[in-house]
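Me: Please take a close look at one part of this model. I want the loop that carries the glycine, and then the strands and sheets around that part of the chain.

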Amino acid sequence: MEEKGIISRITESVSSAGGAIKNAVGVAREMQSMVTDYQVKEKTTELLDKLLDVQQQQFGLSDLLNSSKEKIIQLEDEKKQYENWESESEYYELFQPMPGTIVYRIKPSDEPNHIAIYLCASCYQKRKKSIIQFSAMATVAGRAVVMKCHDCNALYQFPIHVLKGENQ
Ligand SMILES: [Zn+2]
């Protein structure tokens, strides 16, 4: 993928630029220790200082490039999750088990092992798949229950007959 190419190119150029500057600093240090002429020594010291300054700036650039690299990886990840969600959401549909309760459910199927799964509508809007679970009996005792999303704490009333798989 193109992004993978960019990431390895960033890694390579960060390390080769770092290496080149380190070598230049090394040569300047050697020269500084070798020369005896005062004026040349002074200029060599100046050169070394400037190279160390370049090296310092290069460290800053490396940090910046490394953060960009992490950001690219993170965005790639989000993109993948987004695409996964697009294909996964095809299995779900809006469902109203009783007036006032709207959730998403896995599309009914004839498979014998089909499990009715209900998803929290508000988490669903945030592209999050959160299965709602039984929480308590509702006040209309014996006829409805309260289902809860354990992710966002949303509550949903459900008629018992729907949970039992009747009249879906
Ligand atoms: Zn939720």
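**The hairpin at G100 and its surroundings**

Reply: Start with the wide view. This is a predicted model. The centres of domain 1 and domain 2, taken over C-alpha atoms, lie 54 Å apart. The domain assignment sets domain 1 at 2-87 and domain 2 at 99-163.

Now the loop. G100 sits between β1 and β2. Two residues separate the strands of this hairpin, and G100 adopts a positive phi near 95 degrees there. G100 counts as exposed because just 8 other C-beta atoms fall within 10 Å, and the cut-off for exposed is 12 or fewer.

Next, the two arms of the hairpin. β1 covers residues 92-98 and β2 covers residues 101-106. They run antiparallel, joined by five bridges. One contact to look up is F95, whose bridge partner in β2 is V103.

β2 has a second pairing. It meets β3 in the antiparallel sense, over two bridges. Here Y104 has L119 of β3 as its bridge partner. Put together, the strands form an open sheet of three, in the order β1-β2-β3, with antiparallel pairing. β1 and β3 (118-119) are the edge strands; each has a single partner, so one side of each lacks a neighbour in the sheet.

Further along the chain comes another sheet. It is also open, with three strands in the order β4-β5-β6 and antiparallel pairing. The edges are β4 (132-137) and β6 (155-159). Each of these has a single partner strand, so one side of each has no neighbour in the sheet. Neighbouring strands in the β4-β5-β6 sheet are turned against each other by 40 degrees on average, direction ignored.

Look inside that sheet. β5 spans residues 144-149 and runs antiparallel to β4. Five bridges join the two. Among the residues involved, M137 has V145 in β5 as its bridge partner.

Finally, go back to the glycine. The C-alpha atoms of G100 and Y156 are separated by 8.8 Å, though the two residues are 56 apart along the chain. Y156 falls within β6, whose bounds are 155-159. G100, for its part, is in the loop between β1 and β2. That pair of residues gives you a place to look at both parts in one view.

Notes
Residues are numbered from 1 along each chain as its sequence is written. This is a predicted model: local features need pLDDT of at least 70, side-chain atom pairs count only at pLDDT 80 or more; totals for chains, interfaces and linings use all residues. Two strands pair if DSSP finds at least two bridges between them. Helices (H or I, at least four residues) and strands (E, at least two) are DSSP runs, numbered from the N terminus. Axes are lines fitted to C-alpha atoms, for helices over the stretch in contact, and angles run from 0 to 180 degrees between N-to-C directions. Domain bounds come from an automatic or database domain assignment. A residue is buried if 20 or more other C-beta atoms lie within 10 Å of its own, exposed if 12 or fewer, and partly exposed in between; C-beta atoms are placed from the backbone.
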